[in-house]
Amino acid sequence: MSKKLNLLVFSGDYDKALAALILANGASELDMEVTIFCAFWGLLMVREENKFQAKHKSFFEKMFSMFTPNSAEKLALSRMNMCGVGKGMLKKMMKDKEKPMLKDFLDGARRKGVKFYGCKLSVEVMGFKKEDFIPELEIIEVYQYLKDASESDIQLFI
Amino acid sequence: MSKKLNLLVFSGDYDKALAALILANGASELDMEVTIFCAFWGLLMVREENKFQAKHKSFFEKMFSMFTPNSAEKLALSRMNMCGVGKGMLKKMMKDKEKPMLKDFLDGARRKGVKFYGCKLSVEVMGFKKEDFIPELEIIEVYQYLKDASESDIQLFI
Amino acid sequence: MSKKLNLLVFSGDYDKALAALILANGASELDMEVTIFCAFWGLLMVREENKFQAKHKSFFEKMFSMFTPNSAEKLALSRMNMCGVGKGMLKKMMKDKEKPMLKDFLDGARRKGVKFYGCKLSVEVMGFKKEDFIPELEIIEVYQYLKDASESDIQLFI
């Protein structure tokens, strides 16, 4: 029976999203079952680029949608100025080493069949709609996350 | 036999405390056994409001007690200005959706019998006394946390 | 059979490194097998002090090496000004209570046989060389981390 990796992505940081997606891709390549449950800022990682749904949104929700990153590649580092290293420098260092970028890891995870879930409560509080996200994202309750996590071999909060 | 959820709450951020307590409440509702081990800044989440023990405290300890949040509701967001979203805006969005606040989730977890532990080393370093916390908090050594976590189905570091 | 603790240290924060190493030391004392997989900023925790390898490094790599902390004791707190508490104050509070410092916990973990791994991808992207780290650090692929984690009783992302 294959092993299971369960990630709860809470953070909306570029580097932490990168870590989550590298783990997800690696586990898929080992034939592990992988689920990523995006909650709070973690939802910003799975927004559908260039798609902005203003319909059925309150003033606050529109503001929130407009002023938060609208795709994985636009997330910021976990520290704006981590030891003087900016996101541009990190991306340059990755490019120089011919490593894939966050977007490539996200696309890879999607292609490899990683299951993406969104936290219903977070989606509601933030005023997002299902259409704001990548199409395979399924919106679930925290109970489903807990059941899934309790049956997994590895659970991480990122 | 019921499943067990074990959370190590290290962070003193409002949004991460919220995530921890939502998980704790959800797991309790699924009849899982839940323990929350508060270490470092995580201890700020379980301080007893409006209670300030100056007795037996050094100068540094008094300063520390006075200048750190004295209850869950006073914690700050994990990013002061996460994408321009402040704590006030998050709370407003939650209120508009009629979602409970951090304090409600904390009270819910206490009512549902979630077990709260405090890290002995952290309590000592920060100069807190047992009386600074909610009464059900039990102060334990890291060894007890490790034993408990190793017997749990889900362990997360938040 | 002894239990296993597996830590993925992603963070380069002083307080989070301290938490990781306290857990690692505690688990070792309970005769648990402990592995620490350092990725991204977590690699800064296991740099060999006063060792700067400029050879075979690009301009960016040299900059990166020079402007990031070159040993565990030089890491910064997870919040520069967490509630007005600086690293100096935390260290003073620890010293007053006669608690060991980060360096002591790192040395303890090394003496107790905690296994230190470095993430190959992170090491390459950041331009580090094997010689930049404590000698027992072994550089491994994410696959090996996943296998190890999936066989552990506790896995945490710090």
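I looked first at how the copies relate, and in this predicted model chain A can be laid on chain C with an RMSD of 0.0 Å by a turn of 120° and a shift of 0.0 Å along the axis, the superposition being by least squares on the C-alpha atoms of residues with pLDDT of at least 70 in both. I therefore noted that these two copies are related as by a three-fold rotation axis. For chain A on chain B I again found an RMSD of 0.0 Å, a turn of 120° and a shift of 0.0 Å along the axis.

I noted that residues are numbered from 1 along each chain as its sequence is written, with chains lettered from A in the order in which they are written. Because the model is predicted, local features need pLDDT of at least 70 and side-chain atom pairs count only at pLDDT 80 or more, while totals for chains, interfaces and linings use all residues.

Next I checked the interfaces: only 7% of the interface residues of chain A are also interface residues in chain C, so the copies meet through different surfaces.

I then turned to chain B, where the axes of helix α1 (residues 14-29) and helix α4 (residues 102-111) come within 9 Å and cross at roughly 35°. Here helices are DSSP runs of H or I, at least four residues, numbered from the N terminus, and axes are lines fitted to C-alpha atoms over the stretch in contact, with angles from 0 to 180 degrees between N-to-C directions.

How values were computed:
Contact = placed C-beta atoms within 7 Å. Helix = DSSP H or I, 4+ residues; strand = E, 2+ residues; numbered from the N terminus.
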